[in-house]
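Here's a walk through a few spots worth pulling up in your viewer. Have the sequence and the model side by side as you read.

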Amino acid sequence: MNKLNQLYSPFRVTIIFFGIALISSSLLAQEPYKFKEVLDLEATPVISQGNTGTCWSFSSTSFLESEIIRLTGRQVDLSEMFTVRNTYPKKAENFVMRQGKAQFSQGGLAHDVMNAVQQYGIVPNEAFSGLFGTETRHSHAELEAVLKAMCETYVDNPGRKLSKNWKPAIESVLDIYLGKNISNFTFEGKSYTPVSFREAMKIVPEDYINITSFSHAPYYSEFILNIPDNWSYGSFYNVSLDEMMATIDNALGNGFTVELDCDVSERTFSSKDGVAVIPLNADQNKLALQGVYPEKTITQEYRQDEFENFTTTDDHLMHITGTLRDQNGTTYYKVKNSWGDNEARNANGGYVYFSESYMRLKAISITVHKDAVPKTTSKKLNL
């Protein structure tokens with residue numbers, strides 16, 4: 001065989017084309033993200049929760065603000081701290097009456113906001129900011145430490161009989177750190193109570209439901225999801241993973257935003273880079289924050305395993321407001337964070353783009369208006 005035939009033998013041609021394919025694939029994999037918005041529902045500006053663990057209130061309040069836009073066409077800056085102020089006494093009572101065998105922290109879930117809105121109403125931020133004087137940033141580390149120390153003292157019960165003063169004492173501390181509760185206020189020249197303002201904004205708390213997807217509980221029924229921040233023992237509708245994802249898509253496609261409880265502890269979640277992904281190869285975790293790499297296929301079984309071995313944990317609540325696609329056609333969810341919009345620390349103006357794989361694996365639960373649920377799923381849940 002002459003040298004020309006040796007060079008272009010079928011075997012060598014195959015090797016050459018295979019090598020070219022590998023090089024092309026490698027170059028494609030490292031291509032920087034190029035996103036195109038598909039859906040972008042209206043939301044209020046990104047703000048910071050400061051040095052607090054109150055993402056549950058910030059994200060759920062943002063969700064309600066988008067609901068007010070959808071229902072009334074009005075953009076209103078609601079008070080996150082009015083809800084926090086009214087929730088802490090319930091956390092304290094739960095901890096004390098369970099004799100310390102309960103969670104007491106700054107954390108919570110979306111239904112804690114809905115419960116507070118149902119019982120106490122809502123107010124605009126200008127009526128109750130939770131800040132004093134020249135303060136511009138929330139910080140609750142000391143508040144939490146003081147309240148927890150008080151609650152632990154009441155549990156220890158040094159006087160051998162719990163005084164009736166303990167609840168007013170909790171209220172007094174909250175008055176000092178967050179401000180005294182309010183029963184009426186004026187907004188845009190009109191007087192309201194927190195309940196009448198909720199009604200004026202057309203928010204009906206009973207219309208919102210929590211949905212999750214885990215195989216250890218029966219599908220199409222409600223159960224109490226045992227995660228640390230579920231201190232109030234709220235219940236969730238359980239559906240298949242595909243149905244939970246379909247609910248998110250159906251909601252967004254019909255003009256409803258979605259409240260999200262999720263895990264952000266993964267190295268492949270980055271507010272600085274503005275993306276959250278699940279690379280197929282863990283060696284590419286860091287690289288995948290800047291460029292497109294293949295991702296894992298997330299099944300119900302894998303999701304369950306990661307939850308039960310504590311790889312997937314309940315860390316953070318955020319607000320889904322739209323969808324995007326990258327240059328390969330992969331779907332991403334536009335998720336509003338509450339860590340501020342400083343571009344040096346938070347890309348995309350404070351939004352994080354969750355890949356579909358990340359959402360399937362790391363979404364603990366969602367909260368939506370019941371009308372946002374697909375008809376087939378709604379029928380199974382008897383909504």
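## A strand with no open side

Start with strand E13 (residues 363-369) in this predicted model. Here 7 of the 7 residues are buried, so the strand is largely enclosed by the rest of the structure. Strand E4 (residues 208-212) runs antiparallel to E13, and 5 bridges join the two. If you want a landmark on that pairing, Asn 210 stands opposite Thr 367.

E13 also pairs with strand E7 (residues 258-262), again in the antiparallel sense, over 4 bridges. Along that pairing, Leu 260 has Ile 366 as its bridge partner, while Cys 262 is matched with Ala 363.

## E7, covered on both faces

What about E7 itself: buried or exposed? It's mostly covered, with 5 of its 5 residues buried. In a regular strand, side chains alternate between the two faces of the sheet. For E7, one side carries Val 258, Leu 260 and Cys 262 and the other has Glu 259 and Asp 261, and all of these are buried. Yes, that includes the two acidic residues, Glu 259 and Asp 261.

E7 pairs with strand E10 (residues 316-325) too, antiparallel and over 5 bridges. Cys 262 turns up once more here, standing opposite His 316 in E10.

## Two nonpolar cores

Which residues touch the most other members of the largest nonpolar core? Out of its 50 residues, they are Leu 64, Ile 122, Leu 147, Ile 170, Phe 197, Ile 203 and Leu 225. Elements giving two or more residues to this core include helices H3 (55-72), H5 (110-120), H6 (141-156) and H7 (166-177), along with strand E2 (185-187). Helix H4 (80-97) gives the most, with 7 residues.

Take Ile 203 as a sample: leaving out residues up to four places away in sequence, it touches Leu 64, Glu 67, Ile 68, Leu 71, Val 117, Ile 122, Arg 198 and Tyr 208. There's also a second, separate core of 35 residues, with Met 244, Ala 251, Met 359 and Val 368 among them.

## Rings around Phe 197

The structure holds 19 aromatic pairs. One of them is Phe 185 with Phe 197, edge-to-face at 5.5 Å centre to centre and 75° between the planes. Phe 185 sits in strand E2 and Phe 197 in helix H8 (residues 194-200), 12 residues apart. Phe 185 has a relative accessible area of 8%, so it is buried, and Phe 197 is down at 0%.

Phe 197 also pairs edge-to-face with Phe 187, at 5.4 Å and 80°. Since Phe 187 lies in strand E2 and Phe 197 in helix H8, this pair ties together parts 10 residues apart in sequence. Phe 187 counts as buried at 7% relative accessibility.

Elsewhere, Tyr 33, Phe 35, Tyr 332 and Tyr 353 form one aromatic cluster. Charges sit over rings as well: the charged end of Lys 91 is 5.1 Å from the centre of the Tyr 88 ring, and Arg 303 lies over the face of Phe 214 at 4.5 Å from the ring centre.

## Ser 232 in its loop

Last stop: where is Ser 232? Look in the loop between strand E5 (222-224) and strand E6 (235-238). Its relative accessible area is 25%, which means partly exposed, as the cut-off for buried is under 20%.

Leaving aside neighbours within four places in sequence, Ser 232 is in contact with His 111 and Asp 112. With Asp 112 there's a side-chain to side-chain polar contact at 2.6 Å.

Definitions and conventions. Residues numbered from 1 in each chain as written. Predicted model: local features only at pLDDT ≥ 70, side-chain atom pairs only at ≥ 80, totals over all residues. Heavy atoms only, no water. Buried < 20%, exposed > 50% of the residue type's maximum accessible area, 1.4 Å probe, protein only. Contact = heavy atoms within 4.5 Å. Polar contact = N/O pair within 3.5 Å; in protein donor to acceptor, adjacent residues only side chain to side chain. Pairing = 2+ DSSP bridges. Core = buried A, V, L, I, M, F, W, Y, C linked by side-chain atoms within 4.5 Å. Phe/Tyr/Trp six-rings, centres within 6.5 Å; stacked < 30°, edge-to-face > 60°. Lys NZ or Arg CZ within 6 Å of the ring centre and 35° of its normal.
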